[in-house]
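Me: Could you take a close look at the ligand site for me? I would like one connected account of what surrounds the ligand and how the protein meets it.

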Amino acid sequence: MWKEIAAKISETTGESFEITAHRSIGGGSINQSYCISDRDRHYFVKINQANQIEMFAAEYLGLQQMYDTQTIRIPQPLCCGITGENSFIVMEWLEFGRGDSRSWELMGKHLANLHQSQASDRFGWTRNNTIGSTPQMNPWSENWGQFFAEQRIGFQLRLAKRRGGKFPNTEQVVTRVKEILASWQPQPSLVHGDLWSGNAACTVEGEPVILDPATYWGDREVDLAMTELFGGFPAAFYRGYNQTWPLDRGYEGRKSLYNLYHVLNHFNLFGGGYEDQGSKTITRLLS
Ligand code: ADP
């Protein structure tokens with residue numbers, strides 16, 4: 001496997017690469033991760049079963065699109081493919097450090113720059129991708145409320161039902177979400193899509209980086225909402241974001257609706273207390 005991955009890296013970069021060392025990296029939830037090196041180059045590699053190649057192909061495209069904006073540091077993707085029973089993605093290796101309040105302020109500023117950077121006139125994406133390991137559907141839509149209600153909330157509720165989740169009637173919730181978002185017409189922004197603290201880091205030089213995206217064109221508020229789902233990023237992050245592109249006043253009211261998507265996805269991935277958390281949000285929405 002490693003020989004074939006090295007050959008693909010050589011072919012992509014046009015420079016011969018032979019792996020002299022590889023070590024396993026912890027921290028991921030879905031794939032096996034490695035740092036592979038020759039004497040002077042390092043790459044980050046994620047490995048999964050061959051049938052997961054579409055997940056890596058979508059990650060590759062998302063990283064590349066975000067990288068191309070040159071707004072926020074993203075590990076530059078190199079290649080992805082299949083070797084034998086495995087699929088893989090290779091990207092730039094980054095050395096992470098702690099970061100300080102200046103790093104977090106820059107993280108907010110650069111994320112706002114990403115959100116401002118690409119003008120799409122529709123919501124969705126060029127292909128489906130995944131959120132964690134759950135499929136994420138991205139058919140093009142001109143209507144944000146409809147897109148979010150059907151492709152995000154409705155889709156997760158149908159999965160939850162199959163998983164035995166006891167949430168209220170899907171159609172009723174989807175209709176209510178459309179009503180809530182009916183008068184909100186955000187511009188489509190290229191969003192990270194899965195911006196929890198595990199997917200935000202700083203290099204040893206203190207430069208902010210975002211990783212492991214579930215990219216699409218959506219309301220920028222979905223990224224901000226997710227940063228707040230598990231306790232919030234440092235205050236400097238929100239300062240940097242709002243100085244660059246202030247959030248709309250209605251954001252506070254939409255936040256828990258946007259995070260319902262991730263809560264339902266967590267129920268579908270991990271079960272447990274997320275059912276209770278999701279049900280409470282839904283009851284509030286319907287009341
Ligand atoms: P998974 O897709 O399995 O969730 P992640 O993309 O979250 O995996 O990566 C797993 C861990 O590897 C991260 O928590 C991070 O610490 C580290 N990592 C991710 N990308 C890089 C990179 N480009 N360079 C170095 N380390 C990385």
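**The ligand and its shell**

Reply: Happy to! Let's start with the polar contacts: a polar atom in the side chain of Asn31 sits 2.9 Å from one of the ligand's oxygen atoms. Please keep in mind that this is a predicted model. The backbone takes part as well: an N or O atom of the Glu92 backbone is 2.9 Å from a ligand nitrogen atom, and a polar backbone atom of Leu94 lies 2.9 Å from a nitrogen atom of the ligand. On its own, the ligand has 560 Å² of accessible area, and the protein covers 89% of that.

Stepping back to the whole shell, 18 residues surround the ligand, and the ones that come nearest are Ile30, Asn31, Lys46, Glu92 and Leu94. By character, the shell splits into nine nonpolar, six polar and three charged residues.

Where do the shell residues come from? At least three are drawn from domain 1 (2-92), and at least three from domain 2 (96-286). Looking at strands, S3 (42-49) supplies at least two residues of the shell, and so does S5 (86-92). Lys46, one of the residues that come nearest to the ligand, falls within the range of S3 (42-49), while Glu92, also among the nearest, falls within that of S5 (86-92).

Finally, as for the space itself, the ligand occupies the largest pocket.

Note on methods. Residues numbered from 1 in each chain as written. Predicted model: local features only at pLDDT ≥ 70, side-chain atom pairs only at ≥ 80, totals over all residues. Heavy atoms only, no water. Near = heavy atom within 4 Å. Polar contact = N/O pair within 3.5 Å; in protein donor to acceptor, adjacent residues only side chain to side chain. Areas by Shrake-Rupley, 256 points an atom, 1.4 Å probe, with all protein chains shown as cover. 1 Å grid on protein atoms, 1.4 Å probe; cavity = no way out; pocket = protein on both sides within 12 Å on 5 of 7 lines; lining within 4 Å. Sits in = over half its atoms within 2 Å of the grid points. Helix = DSSP H or I, 4+ residues; strand = E, 2+ residues; numbered from the N terminus. Nonpolar A, V, L, I, M, F, W, Y, C, P; charged D, E, K, R; others polar. Domains from an automatic or database assignment.
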